[in-house]
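Me: Please take a close look at the metal site in this model, and then follow the chain from there into the interior. I would like one connected account.

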Amino acid sequence: MTPISERTARVLVARRSGGMCEAGFDAEATEVHHRVNRSQGGTWDPANLLHLCHRHHRWITTNPRGAELKGWALPRGSVPGIKPVFMARWGYVLLTSQGGLIESATTTETTRRTA
Ligand SMILES: [Zn+2]
């Protein structure tokens, strides 16, 4: 797979979020967060990204353990596409590299298109 550019990733993530904070669905999303930190090898794969409001981004930065429980933060070496993440609008989902999301129920998988 060709690595995705930052610019493309930002477009895909904004499309996925509809401009609303994906963690809380509480405010306008203004910041892009890396679930695996860039300093830990995290990439611009949309599955590794969350579109957040400032408040949630700051909360994740200051509460790494709580963030990890919700899949908002992942340890170095994680594969983001197979790690469920809590999104206020959808519950726990898996994020795709194409900017989509998949319900992470154990029995059924339904693709939801946000674009
Ligand atoms: Zn928020």
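Reply: In this predicted model, the zinc ion is held by four protein donors, namely Cys21 through SG, Asp26 through OD, Cys53 through SG and His56 through ND1, at 2.0 to 2.3 Å from the metal. The arrangement is tetrahedral because the angles subtended by the four donor atoms run from 98 to 115 degrees, and the limits for that label are 85 and 135 degrees. Along the chain, the donors are spaced as C-x4-D-x26-C-x2-H. Aspartate 26 and cysteine 53 are 27 residues apart and link distant parts of the chain, the aspartate lying in the loop between helix H1 (6–17) and strand E1 (31–34), the cysteine in the loop between strand E2 (49–52) and helix H2 (54–62). As for their surroundings, aspartate 26 is partly exposed, with a relative accessible area of 35%, whereas cysteine 53 is buried, at 4%.

Turning to the interior, the largest nonpolar core has 15 residues, and those with the most contacts inside it are Leu50, Leu52, Trp72, Val85, Met87, Val93 and Leu95. At least two residues of this core come from each of E2, strand E3 (85–87) and strand E4 (91–95). Leucine 50, if its neighbours within four places in sequence are set aside, is in contact with Val13, Arg16, Glu22, Glu31, Val32, His33, Arg35, Trp72, Val85 and Leu95. Apart from the largest core lies another, of five residues, which include Ala9, Val32, Trp44 and Leu49.

Definitions and conventions
Residues are numbered from 1 along each chain as its sequence is written. This is a predicted model: local features need pLDDT of at least 70, side-chain atom pairs count only at pLDDT 80 or more; totals for chains, interfaces and linings use all residues. Side-chain values use heavy atoms; hydrogens and water are left out. Donors are N, O and S atoms within 2.8 Å of the metal (3.2 Å for Na, K and Ca); water is not among the atoms, so sites may look incomplete. Four donors count as tetrahedral if all angles lie between 85 and 135 degrees; four count as square planar and six as octahedral if opposite donors are over 155 degrees apart and all others between 65 and 115; anything else is irregular. Helices (H or I, at least four residues) and strands (E, at least two) are DSSP runs, numbered from the N terminus. Buried means under 20% relative accessible area, exposed over 50%, partly exposed in between (1.4 Å probe, protein chains only). A nonpolar core is a set of buried Ala, Val, Leu, Ile, Met, Phe, Trp, Tyr and Cys residues joined through side-chain atoms within 4.5 Å. Contact means heavy atoms within 4.5 Å.
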